[in-house]
Structures are given as C-alpha cells and as structure tokens.
Amino acid sequence: MTGISAMKKHIYRTKKINAIDWIQMKEQLQGSAVVFAIDVAKEKQYALLANADSSVSELLSWNHPEQTREVLTHLENLACPLTAVMESTGTYGDALRYQFRCSGFEVNQISAKRVSDARELYDGVPSLHDAKSATVIMRLHRDGLSTPWRESSDTERELDAYRREY
C-alpha cells in the first residue's frame, strides 16, 4: 500500500494539567515562543502547547472553568511569549479569550470549517475529536492559516445582538 491509505493512525494522548512537570517544561523552553492551540468546548478543554520546532510539546486537558485559572498561571509562569489559537465559533471561548488577553498573550483565530476540512489531511483518518482538533489547529496555525483575533466594537456587538433577537 502507498500514500494515505498506508498511514498509521496517530494516537493523541493527553495529560491532565496536574500531571505535567511545568518546572521542567519552563527549563526546556528557556523563554522561547510557544503556541497554545485550544479546542474550545463547554467544559472539557484540550490544547496542544508547543515551541516552534515541537521539541517541547504537550497535549493537555483541563476542566473549564474550574481549572482555567490554574492553566493560565502555569502558562504565565513559563515566562515565554505565547500565542493562543482557537476556533472563532460560538461563545464558549469568549471567557478564555478574555483571560488570555488579560494575561498579555496574543490570541489568534482559525476557521472551524478549516479545522473540519483538515481532519483527514495530517493523519489520513477522517475522524475528529477534541485532542485531534487541538493538533489540527496547531498545524493550521503553523501553515499560516490563523489570523490575529479582532474584537468586535461596541456597535458591532449591539448590531449582532439585534440580529440574533430578530
């Protein structure tokens, strides 16, 4: 067999945030820039944290909102320039996006359609689950397909509220 049909299924193993050695990770990163690609959900969050060459990489999960402050504290303590990348749909990510901005992190967005369309692109498997989504978000960001998150103006938010009410 050749091509995609011969690819082996990739296993997306995650660690809970309290199982990660954050001190060792900080030492390995040595202040280098990192990306935190998040698959945003209502409660269970999955994210891939990696430096530019993925020599330091961790696929992690946490419960939102209970553990979100803990995650942010760990990320702040890494003392690295950090870009958070998340899909631009729904309202589940609003609180996370706000907290990342308050922590001084850059926030980028990626189209949910792009993530869905790319589900088979990188590993040849058509499934899409939370841990894999975080990995796909990272890959799409590295391929230059994310954009800086632009917050809506007060007027845009008001008009959107009227549209939804209508």
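Two residues are in contact when they have heavy atoms within 4.5 Å of each other. The exercises below use this idea on a predicted model.

**Exercise 1.** Decide whether T135 is buried or exposed, and find which residues T135 touches, not counting residues up to four places away in sequence.

*Solution.* Begin by placing the residue: T135 lies in helix α5, which covers residues 130-142. Next, take the relative accessible area of T135, which is 18%, and recall that a residue counts as buried when this value is under 20%. T135 is therefore buried. Finally, look for its contacts, leaving out residues up to four places away in sequence, and you will find that T135 touches Y12, L48 and L59.

**Exercise 2.** Decide whether E165 is buried or exposed, and state how many Å lie between E165 and I23 in space, C-alpha to C-alpha.

*Solution.* Start with the helix, since E165 lies in α6. The relative accessible area of E165 is 69%, and because exposed means over 50%, E165 is exposed. As for the second part, E165 and I23 are 142 residues apart in sequence, and their C-alpha atoms are 48 Å apart in space.

**Exercise 3.** Work out which residues of α3 are buried and how they are arranged when seen down the axis of α3.

*Solution.* First, list the buried residues of α3, which are L96, R97 and F100. Seen down the helix axis, these buried residues fall within an arc of 100°, so they line one face of α3. A general rule helps here: an α-helix has 3.6 residues a turn, so residues three or four places apart point the same way. Then turn to the face of α3 that looks away from the buried side, where the exposed residues Y98 and C102 are carried. The buried residues of α3 pack against several elements, among them the strands β2 (34-39) and β3 (44-51) and the helix α2 (68-77). To finish, look just beyond the helix, where α3 is followed by G104, a residue with a positive phi near 85°.

**Exercise 4.** Find how much space lies in the largest pocket, and which element gives the most to its lining.

*Solution.* The space in the largest pocket is about 400 Å³. Of the 15 residues that line this pocket, the closest to its centre are D94, R97, S152, R157 and D160. The elements giving two or more residues to the lining are α3 (94-102) and α6 (154-165), and α6 gives the most, with five residues. Sorted by class, the lining has two nonpolar, five polar and eight charged residues.

Terms used:
Residues are numbered from 1 along each chain as its sequence is written. This is a predicted model: local features need pLDDT of at least 70, side-chain atom pairs count only at pLDDT 80 or more; totals for chains, interfaces and linings use all residues. Side-chain values use heavy atoms; hydrogens and water are left out. On a 1 Å grid over the protein atoms alone, a cavity is a set of points where a 1.4 Å probe fits but cannot get out, and a pocket is an open set with protein on both sides within 12 Å along at least five of seven lines; lining residues have an atom within 4 Å of a point. Grid points are joined across faces, edges and corners, and a volume is the space filled by probe spheres set on the points. Helices (H or I, at least four residues) and strands (E, at least two) are DSSP runs, numbered from the N terminus. Ala, Val, Leu, Ile, Met, Phe, Trp, Tyr, Cys and Pro count as nonpolar, Asp, Glu, Lys and Arg as charged, and the others, Gly among them, as polar. Buried means under 20% relative accessible area, exposed over 50%, partly exposed in between (1.4 Å probe, protein chains only). The arc is that of the directions from the helix axis to the C-beta atoms.
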